[in-house]
Every structure is written in structure tokens, then in C-alpha cells.
Amino acid sequence: MRIIRGKYGRRRFDVPKNITARPTTDFARENLFNVLENNDEIEGKSVCDLFAGTGAISWEFVSRGAASVTSVEQAPVQSAFIRSVKEKLGDKTLRPLRGDVFRFIERADSPFDVVFADPPYDHPRFAEIPGLILGSGLVKPGTLVIVEHSKNHDFSALPGFFRHLVYGSVNFSLFRKPETE
């Protein structure tokens, strides 16, 4: 795994061979973060990374100045890897949580400025996830929600949808909870 830019830019970490995550490509990650940085969506913000996998997205947010990042991953190997990177970097910005993302969403009562979700593309509840996030305590008026998905999904009919980005085979749907309902 490589952190692309920011204070940890160009740092590389060897991902365990038995990891089951599908990491976001460097190309897609770099382009998404260019869009986010150009719109002041990172520095000083509180971020939640759901289905964190290797933690690459979490570390990009940390590296680029997020105030706090909560990284939620259920798989033991991925969760341990995220913690090992945290130990190597000695950074206190990231808060890794090992647990079920659906329970985390359901019980959320502290909203974030940015919520990123990259569920496994073949997850049986994949299509529900954006709506669950948007209707949860993870979001407040103004929260940016980013969902990574394949071309097989179209979330443009959901409330708050405002942009679709495509980088190779990686798609991102962006939502913003309206300031007033």
C-alpha cells in the first residue's frame, strides 16, 4: 500500500498476502483526492472510512490534514494491518475500529464531516448502503458522503446525490446532506 500525498506521501507498507480486501487503485484514489482537495473537503475535517480494507483511504485523509479519521473494518487481517501502520507512523489522528459496519451505522450518534464507504462490490446488501448512511447519525447537514462502487450501480436518484466520478473501473457517487431539510 502506498500513501500518495501529504505528510506521509510516498510511504509504502507491505500488505499481508492473505488480505481479502480489494484496495482502491492508486489512480482512482489520487484523482478522487485531487477533487476533494480542490473543494476544501479534507483539512481539519472529521472523517469516517467504512469498510476500510487496507486503510489506504483513511491514511490519505490523515496524510492530507484531516483532524480525525475513524476507520471501521471487520476483517481481522485488514484491521490488524491498519493498526500496524498506525503503530509504524505513530499518528494519533486515526482511530481504527474492528467491527461490523452495519451495526456501526445503526448505532452512530456522532456525525462526521466526510463519510467514505467502499463495501465489497459483491456484498448482498450493497445497494442499501448509501441510503443507510444518508439516513444515519453519521451525517449532519453539510456532510459529504462518498460511495465507491462498480459501474453496475446508479445511485443518482438518492437524496443529496450531486456528482458521479469514474476513474477506470472505479466509480464514486458523491452526496451531500442538505443544510436544510
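These legends accompany several close-up views of a predicted model.

**View A. The largest nonpolar core and the residues at its heart of contacts.** This core has 33 residues, and those with the most contacts inside it are Met1, Leu36, Trp59, Phe61, Ile146 and Phe172. Helices and strands both feed into it: α1 (26–38), α2 (56–63), α3 (76–89), β4 (114–117), β5 (144–149), β6 (161–167) and β7 (170–176) each give two or more residues. If you are looking for the other core, a second, separate one of 22 residues includes Val101, Phe104, Ile133 and Val139.

**View B. Ile146 and its contacts.** Let us stay with one residue of the largest core, Ile146. Beyond its neighbours within four places in sequence, Ile146 touches Leu32 and Leu36, the run Val114, Val115, Phe116 and Ala117, and the trio Phe172, Ser173 and Leu174.

**View C. Phe27 and Tyr167, an aromatic pair.** The whole structure holds nine aromatic pairs, and here is one to enjoy up close. The ring centres of Phe27 and Tyr167 lie 6.1 Å apart with their planes at 85 degrees, so this pair is edge-to-face. It joins distant parts of the chain, as Phe27 belongs to helix α1 and Tyr167 to strand β6, 140 residues apart. Tyr167 counts as buried because its relative accessibility is 13%, and buried means under 20%. Ring pairs also link Phe27 and Tyr167 with Phe116 and Phe172 into a cluster.

**View D. Tyr121 with Phe126, and Arg125 with Phe102.** Tyr121 and Phe126 form another edge-to-face aromatic pair, at 6.2 Å centre to centre and 85 degrees between the planes. The two partners differ in exposure: Tyr121 is partly exposed, with a relative accessible area of 25%, whereas Phe126 is buried at 2% relative accessibility. For Arg125, look to the ring of Phe102: the charged end of Arg125 sits over that ring, 4.2 Å from its centre.

**View E. Arg95 on strand β3.** Arg95 is found in strand β3, which covers residues 94–98. With a relative accessible area of 45%, Arg95 is partly exposed. Setting aside neighbours within four places in sequence, Arg95 is in contact with Val69, Thr70, Ser71 and Phe104. Phe104 is a familiar name here, as it is included in the second core. For a sense of scale, Arg95 and Phe161 are 28 Å apart in space, C-alpha to C-alpha, and 66 residues apart in sequence.

Conventions:
Residues are numbered from 1 along each chain as its sequence is written. This is a predicted model: local features need pLDDT of at least 70, side-chain atom pairs count only at pLDDT 80 or more; totals for chains, interfaces and linings use all residues. Side-chain values use heavy atoms; hydrogens and water are left out. Helices (H or I, at least four residues) and strands (E, at least two) are DSSP runs, numbered from the N terminus. Buried means under 20% relative accessible area, exposed over 50%, partly exposed in between (1.4 Å probe, protein chains only). Contact means heavy atoms within 4.5 Å. A nonpolar core is a set of buried Ala, Val, Leu, Ile, Met, Phe, Trp, Tyr and Cys residues joined through side-chain atoms within 4.5 Å. Rings of Phe, Tyr and Trp (its six-membered ring) pair if their centres lie within 6.5 Å; planes under 30 degrees apart count as stacked, over 60 as edge-to-face and the rest as tilted. A charge sits over a ring if NZ of Lys or CZ of Arg is within 6 Å of the ring centre and within 35 degrees of the ring normal.
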